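Work through the exercises below with the sequence and the structure in view, and try each task before reading its solution.

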There are 2 protein chains.
Amino acid sequence: MRREGREVLTIGASDGYGPLKEAILSLLHSEGIPARDEMLLVTNGCQQALDLIAKAFVRSGDTVVLENPTYPGASAVFNRVRAHCIGVPVRTSAEPGSTLGVDLEALESTLAANRVKLLILTPDFQNPTGTSMPLASRRRVLELASRYQVPVVEDHIYARLHAGDERLPCLKQLDRSNLVIHIDSFAKVAFPGLRVGWIVAPAPAIERLRLIKQMTDLHTGQLAQATFAEFLKRGLFQKHLVRMRRIYADRLNALDEALRKTMPEGVRWNRPEGGMCVWLELPPGFDASELMIHARERGVLFAPGRYFYVQSPLPNTLRLGFANLNEKQIGRGVTVIADLLRVEMRKRLRGARRAERTHMALV
Amino acid sequence: MRREGREVLTIGASDGYGPLKEAILSLLHSEGIPARDEMLLVTNGCQQALDLIAKAFVRSGDTVVLENPTYPGASAVFNRVRAHCIGVPVRTSAEPGSTLGVDLEALESTLAANRVKLLILTPDFQNPTGTSMPLASRRRVLELASRYQVPVVEDHIYARLHAGDERLPCLKQLDRSNLVIHIDSFAKVAFPGLRVGWIVAPAPAIERLRLIKQMTDLHTGQLAQATFAEFLKRGLFQKHLVRMRRIYADRLNALDEALRKTMPEGVRWNRPEGGMCVWLELPPGFDASELMIHARERGVLFAPGRYFYVQSPLPNTLRLGFANLNEKQIGRGVTVIADLLRVEMRKRLRGARRAERTHMALV
């Protein structure tokens, strides 16, 4: 830092601090993305990446397709520029005839029926469902994007958090049509408070984004950029990633076990292979927002599913985030939720019986 | 830093890092602005402040009034959201019946003739002209803003760079109608590469801006924020400011002397009382962009005036920035420009004589 102080403290380049760009490029190369300097823009994290993309490519009235449910920070950005946002369902369980992740038939008919400006996807460990798209679906999405000539924004922020050894290729790796705008950040592995992320895209798109970035805040703070450059160059990021992956995998296991041990019948959840969250479906008629009120009183927080929907919210869904809790806390939290659900279920059962009796008299 | 590490590195508050907000508030109090926490938002510098303000308050087709000439980063932001930008002339020399700074009569007639959404002003050492508005003009601007109920964005970024001891009260200090949105940054005094600035405005406006900030990039990087918090709390900012003011004042003097010593007759310039630049007017018919080509060949750079105009550019104007050059460099640069101008003037004189002779034969 002493060595580079002068450069870090003075005004910098809009596309990013040179040494950080080099370090990110070599990370990308090691992960199978042969990006060059002119295809890379440093941002203040993924949220700004989305904001810059909206500013650069989306105008009021344009149609943007998102996953449903999706990360609310994404829909907020596109709603703000008054895009017409359409949500395509995400399948959280693989049933016969369908695969995990974004519903490909619904996606195809949406692309066929609308002039879509941008498609926003999180193929790996999607927030909020934790779902990942199988390889075949990824190829199919790219085919569709190419057929309808729709750029795909790939949110890659969770992709390194695979619990097992296998890691599926991302859309950017599979992309032959140069239609993928790949966004990523260090935030889910290290130091979210520093706000550093990046965009990988074809050089002309990056040039447009760079100009927008310049208008937006000149450049990302260089102290944070230089910090990450060192962190990457010294191999500390990779080391830290290995550690975080193990911790997250243990927590995911603990959550799954706790759910299996305590949840009453009728509650369903998926089993993501990594990421930071699990998606729960309560029996029909249950409202996760109401459950939330009672859980909060007992010191347990989760995110009601309706918070994440672009349209047609399912009130009986919720997201459990496990990344920032230890295994004991996870066990306790799940027990509280399961107990509350059981109480509610008994109440409903009694209510239903009473209603049956009453109804019988009135028929 | 070690003490606060945990908090700095994790995700933070959209309105800013607590210790930095406290430090900025006490800076503001010492400068006569009695702001409270809910009236302050930390941004990634003034450029982002402008971007957030445009996002929060300006829609396509809204009229925004700027100074003409103005900082191109400001007009870029409002053009991008497709505002209708109107430039009001800035007077760089006080002639009988007019005062320095934004032309008050033109401003009043613009406000009367348009439904103006926002007025953007830099009352102190305006970029690019270096001009400051006298106290009476500041009061008049606030009267007009109040009469037409137009919020005024005050860019305060250069205000601390006064060469003499006197410092005029800023609009925010004089504001009785709660119409001033005050933006500022450390960048012109220290570490522009860290990208930290702020907005002071009425609490409801700050709350709206905070939500936009959250959508834009969650929050400003906390490593940079914590660095500035320490810098302020230890009194290093004030110490550094005193030093920078003296250095800039010496450079301004050196520039003025060099201009007086070397510039050919017919070239006019103003004598700002601080800031970072001086505004030059070449004789009518001269083009600063052409002059620039020749100056660049001799290793001298300046900014042609046309770059700064919202409308009706004057091609014979240019901005000389003196802040980043020592006195020797300033002297050399001015000499090169003066020599080039003299050569060009002689050429024109010969051309004019020749033209006179030729014309006589053809009459």
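**Exercise 1: An unusual backbone angle**

A:Gln149 is found in the loop between α6 (135-148) and β6 (152-155) of chain A, where helices (H or I, at least four residues) and strands (E, at least two) are DSSP runs numbered from the N terminus. The model is predicted, and local features need pLDDT of at least 70, side-chain atom pairs count only at pLDDT 80 or more, while totals for chains, interfaces and linings use all residues. Residues are numbered from 1 along each chain as its sequence is written, chains are lettered from A and ligands numbered from 1 in the order in which they are written, and side-chain values use heavy atoms, with hydrogens and water left out.

Task: state what value phi of A:Gln149 is near.

Solution: Phi of A:Gln149 is near 50 degrees, which is a positive value in a residue other than glycine.

**Exercise 2: Cis peptide bonds in chain B**

Task: find where B:Pro69 and B:Pro128 lie, and describe the peptide bonds that lead to B:Pro69 and to B:Pro128.

Solution: Begin with B:Pro69, which lies in the loop between β2 (63-68) and α4 (72-80) of chain B; the peptide bond from B:Asn68 to B:Pro69 is cis, with omega near 5 degrees. Then turn to B:Pro128, in the loop between β5 (116-121) and α6 (135-148) of chain B, where the bond from B:Asn127 is cis, with omega near 15 degrees.

**Exercise 3: A sheet and its helix**

Task: give the order of the 4 strands in the open sheet of chain A, and name its edge strands.

Solution: The order is β9-β10-β12-β11 in chain A, with antiparallel pairing; two strands pair if DSSP finds at least two bridges between them. The edge strands are β9 (268-269) and β11 (303-304) of chain A, each of which pairs on one side only. Next, look at β9(A), which 2 bridges join to the antiparallel strand β10 (residues 277-281) of chain A, and there A:Arg268 has A:Glu281 of β10(A) as its bridge partner. Helix α10 (residues 236-262) of chain A packs on this sheet, touching β9, β10 and β12 (317-321) of chain A, and its direction makes about 20 degrees with that of β10(A). Axes here are lines fitted to C-alpha atoms, for helices over the stretch in contact, and angles run from 0 to 180 degrees between N-to-C directions.

In chain B, 4 strands likewise form an open antiparallel sheet in the order β9-β10-β12-β11, and B:Ala303 stands opposite B:Arg319 in β12(B).

**Exercise 4: Where the chains meet**

Task: describe the contact between chain A and chain B, starting with how many residues it takes from each chain.

Solution: The contact (heavy atoms within 4.5 Å) takes 33 residues from chain A and 33 residues from chain B. The buried area, meaning the accessible area (1.4 Å probe) that two parts lose on being put together, summed over both, is about 2700 Å², and carbon and sulfur atoms give 62% of it. A:Leu9, A:Arg80 and A:Met215 supply 22% of the area that chain A buries against chain B, more than any other three residues.

Finally, count the salt bridges (a side-chain nitrogen of Lys or Arg within 4 Å of a carboxyl oxygen of Asp or Glu): there are 2 between chain A and chain B. B:Lys55 forms a salt bridge with A:Asp51, with the closest N and O atoms 2.7 Å apart.
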